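Visitor: Please take me through a single part of this structure, namely the contacts between its chains, and then place that part in its surroundings. I am in my first year, so please give each term its cut-offs when you use it.

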Amino acid sequence: MDFSSFLNNLTPATGFFYFLSFLTILTGLMVVLSKNPIHSVLYLIATFFCLSGHYVLLNAQFLAAVNIIVYAGAIMVLFLFVIMFLNLKQEDEESKTNLTKIAAMVTGGTLFLIFVAVFRKTQFGAFDAYSFDSQVGMVESLGEVLYKDYLLPFELASVLFLVAMIGAVMLGRREAGDRHF
Amino acid sequence: MQLTNRSKQVSNKQMTFAERIYLPAIATGLGITIKHFFQKKVTIQYPEVKQYLGPVFRGRHVLKRDEQGRERCTACGLCAVACPAEAISMVAAEREKGEENLYREEKYAAVYEINMLRCIFCGLCEEACPKQAIYLRHDEFVPVFTERDQVIWGKDLLAENMNNRYLRKAWTKEEAREQDLKGVAAEPRTQL
Amino acid sequence: MTIDVALIIKAIIILLIFGITLLIAMYSTYGERKVAAFMQDRIGPNRAGPFGLLQPLADAVKMFFKEDFIPSQASKWLFILGPCLSMLTALMTSAVIPFGDSVKYESAPGKVWDIPVQAIDVNIGILYVFGVVSLGVYGIMVGGWASNNKFSLLGAIRAASQNISYEISMGLAIIAILMMTGSLSIRHIVEQQHGGNWNIFYQPLGFIIFITCAFAECNRTPFDLPECETELIGGYHTEYSSMKLGFYLFAEYINMFVSSAMISSLYFGGYNYPGMDWVQAQLTSSLGEIAGHNVGTLIGTLVFFAKSLFFVFFYMWVRWTLPRFRYDQLMNLGWKALIPLAMINIILTGGAILFLKPLIVSFLK
C-alpha cells in the first residue's frame, strides 16, 4: 500500500488519530529535548492534552476530563509552581559529570530494552465490531467496574492516599515554638 | 483625650461562633454598601453645573474701573512688588489732556500684564493695591490654556467690562469684617 | 436540505451564545465601574454616550491604540501565550452551559426538530467546565513567569496555589450536587430543578462553599491576591500593556459571567422559574404548539440571564464591600474551613439520601 492510497482510505477519525499520535510523540520528545524546564513542563501539559484527545477518540469522555483535571489542571500546576522557584540562570554543574551521564545512559537503555521486549511479546486483541460496547468508557460503566469488581483495590488505594496525606501533614506540621514566617 | 465619641474599645477576647463564621459580618457589610447604592449621589456634574465657591474665592484678576468707567490703576507697581511669583509687569504712562474720562489718576498703566502660569492666586496684589484697582474675582476661573499666547493676560482681558461689572459684597477686609459682625450671611453655598 | 436549516439554527445559537458572552463581559466592565461608583455615592462613567454606555467601546479603542510592549528580558513567546491562554480557557467554558430549553422547528409537516439552546450537551458537562477552569490558571502562570519580573512571578505563584487549593473544595461542593442528581450533564441538573425544586434549598452549605470558591477561582476580591495592586503593583499583569492586558482583564470578566451562569444553573434552577408550566400552557394554547414553545424558551432564557446577571452584580457588590484577605488567611480558609465543611456536606447529603429520603417518601404515602 503506497502513501497516496493510504491517504485516500483515511477516514476522519483515523486521520485525527494519526494527527494526534504525531502531536503526542512530538510534544513528548520536546519534553525531553527542550533545555528550559518551564518549556518542558508546558510541552508535558500539551502531551496530556493529546492523551485526552485519544481518550475522547476511544469514547471515554470521563477519563479524558479527569485526565485534564487531575494531571493538566492540578499536578502540572504544582510542577510549574516548583520549577518557577528554581533559579534557571544558574548552571547546575553536578548533573554534568561523566558518572551521571553514564548512569543516565545505562538506565535509559535498560528502560528502552524493557519497552522493546514488552512490545515484541504483546498480542493485540483483534477488534470485533459486534461484541464492542461503545458505552464502555462512560461514567456509569466505569463506576460499576470500580465500585463492584475492584472495590477492595480501590479502597486500598484510597487508604494509601490517606497515609500519604497524613505523612505530608506530619512533615509540614509546625513544632511548638517554631515559626516559619 | 477624647476627640470624637466614635472611638471603639479594642479587645483581644475570643470571638464568638457567630463572629468566627464571618457570614453575619459579611451580610452586614453588604447591607451597608447596598444602602449606599440607592442613596442620593453627591456628585456635581462639573462643566455643566458649577458650585458656588464662596465669597472669598480667589479666581481670575480684574482691573476695576470707578463709577464713571475710568481705570483706577495708577501704575504704582506695588502689586508687582508684592507678587511672590513675579507674575505682574507693567509700563506706566502719563495721562494726556482729554484722557480724563479714561483714567482716574494722572499716571496710568499703558501696559499691564499678568503671567497666568506664574500666578499662584495668593491675593497679595489685591492687598497691596492702594487704589482698590486689582481684585481676584470670586466667580470666575482662569480658563485652561490651549495655546501659549493665552498665558499672558493683557489689559484687554483684565480691565473691567462696564456693561457687566464685577460686584461683590465686601471689597476690603474692614468691610468684610463689618458684614460678618452684622451677621449678614455671605451668599449661601448653593449650586449656581 | 431539511437538516441544513436545523444546522443553521444551531450555528446561530452557538454564535449568539458566544457573542452574548462577549457582550456581557464587555458591559460588565462598565457595570463594575457604575456599581463601584454607586456604592461610593458617586455617579461613575457618564461622558461617553448616554449614561456612559459607549464607555466599553472607548476603553477598547484605548487598549488597541496603546503601545504593545514586550520587556526585553521576557520570554517572548510565552509572554504572548499567557493572555491568549487566559482568553481561550475563559471562552471555552460557556459552550456547555444550557442557556435555555430548546427551539422547535418544523421542517416538514410532522417532522419537528428540537434544538437545545446550548452549544454542546456533553454528558460530562460539569467535568468539562471544571477541567477548563482548572486550566485557566496556566494563562496567569505562564504570563507571570514570562514577564521576568518578581512581582509578576509572585502573582503567578499566588494564583497557582490559590486556584489549586480552592478547586478541591469547589469539586467537593459539586460532588454533593452530583450525588443528588446522579448526572454529570448540566442540562440534566437544570431539568431536575423544574418546578421550584431548586438545589439551593437542599444544598445551602454547598452553595456557600461553591460561591466562595468561585470568587477565589475568578481572582475576585476578597481573594484577588494574584493581582493585588497594593502589594504586587499589578500582580501577574504588571508588565502587560495594550490589548494583552485587555485580554487578561477581559478574561476575568468572562470568567465572572460564566461562573455566575454556573451558579444559577447548578443552584438556582437555570432557566426554570416559578409558574413555568402555567406560562408554557398559556403560550402553547394561544400561539400554537411550536411558536408557544419557542416563546416559552425565550422567556426561560431571559430568566436565566437575569439570574446570571444578578450574580455578576453580586460579584461586584462583594468586591466593593469586603477588603482583601491576607495570604495565610486565604490558605487557612481554603484548607482548614472550606474543605472540612465540604466533606461534612457530602456526608450529610449522603446520609439524607440514604435515610431521610425513604423516611419522607414513606411518610408522604
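Guide: Two residues are in contact if their C-beta atoms, placed from the backbone, lie within 7 Å. Residues are numbered from 1 along each chain as its sequence is written, while chains are lettered from A and ligands numbered from 1 in the order in which they are written. The model is predicted, and local features therefore need pLDDT of at least 70 and side-chain atom pairs count only at pLDDT 80 or more, whereas totals for chains, interfaces and linings use all residues.

With contact defined in this way, chain A and chain B do not touch, and their nearest C-alpha atoms are 21 Å apart. Two pairs of chains do touch, and of these, chains A and C have the most contacts between them.

Let us look at that pair closely. On one side there are 20 residues of chain C, in contact with 16 residues of chain A. Helices (H or I, at least four residues) and strands (E, at least two) are DSSP runs, numbered from the N terminus, and with these names we can say that α4 (125-146) and α5 (150-181) of chain C each supply at least two residues of the side that touches chain A. The most is given by α4(C), with nine residues. To describe the chemistry, Ala, Val, Leu, Ile, Met, Phe, Trp, Tyr, Cys and Pro count as nonpolar, Asp, Glu, Lys and Arg as charged, and the others, Gly among them, as polar. By that division, the side of chain C that touches chain A has 15 nonpolar residues, four polar and one charged.

One residue helps to follow this contact inward. Leaving aside residues up to four places away in sequence, Met141(C) touches Leu80(A), and also Ala156(C), Ala159(C) and Ala160(C). A residue is buried if 20 or more other C-beta atoms lie within 10 Å of its own, exposed if 12 or fewer, and partly exposed in between, with C-beta atoms placed from the backbone. A nonpolar core is then a set of buried Ala, Val, Leu, Ile, Met, Phe, Trp, Tyr and Cys residues joined through C-beta atoms within 7 Å. The largest such core holds 110 residues, and those that touch the most other members are Leu127(C), Met141(C), Ala156(C), Ala173(C), Cys213(C) and Phe257(C). Apart from it lies another core of 18 residues, including Leu63(B) and Tyr103(B).

The partner across the contact, chain A, comes to seven helices and zero strands. Of its 181 residues, 13% count as buried. Its domain bounds come from an automatic or database domain assignment, which gives domain 1 (1-87) and domain 2 (133-174). The C-alpha centres of these two domains of chain A lie 24 Å apart, and five residues of domain 1 are in contact with five residues of domain 2.

Chain C also meets chain B, where nine residues of chain C are in contact with 11 residues of chain B. The side of chain C that touches chain B divides into six nonpolar residues, one polar and two charged. Within chain B, two strands pair if DSSP finds at least two bridges between them, and three strands form an open antiparallel sheet in the order β2-β3-β5. Its edge strands are β2 (88-94) and β5 (152-153) of chain B, each pairing on one side only. Two bridges join β3 (residues 107-115) of chain B to β5(B), and in β5(B) the bridge partner of Asn115(B) is Ile152(B).

Returning to chain C, an unreviewed UniProt entry lists residues 120-143 and 245-268 among its spans for "transmembrane region"; such positions are given in the numbering used here, feature names are shortened, and annotations may be inferred rather than shown by experiment. Residues 120-143 of chain C are 79% helix and 0% strand, with end C-alpha atoms 30 Å apart. Residues 245-268 of chain C are 96% helix and 0% strand, and their end C-alpha atoms lie 33 Å apart. Finally, Leu354(C), in helix α12 (residues 327-364) of chain C, counts as exposed because it has 9 C-beta neighbours inside 10 Å.
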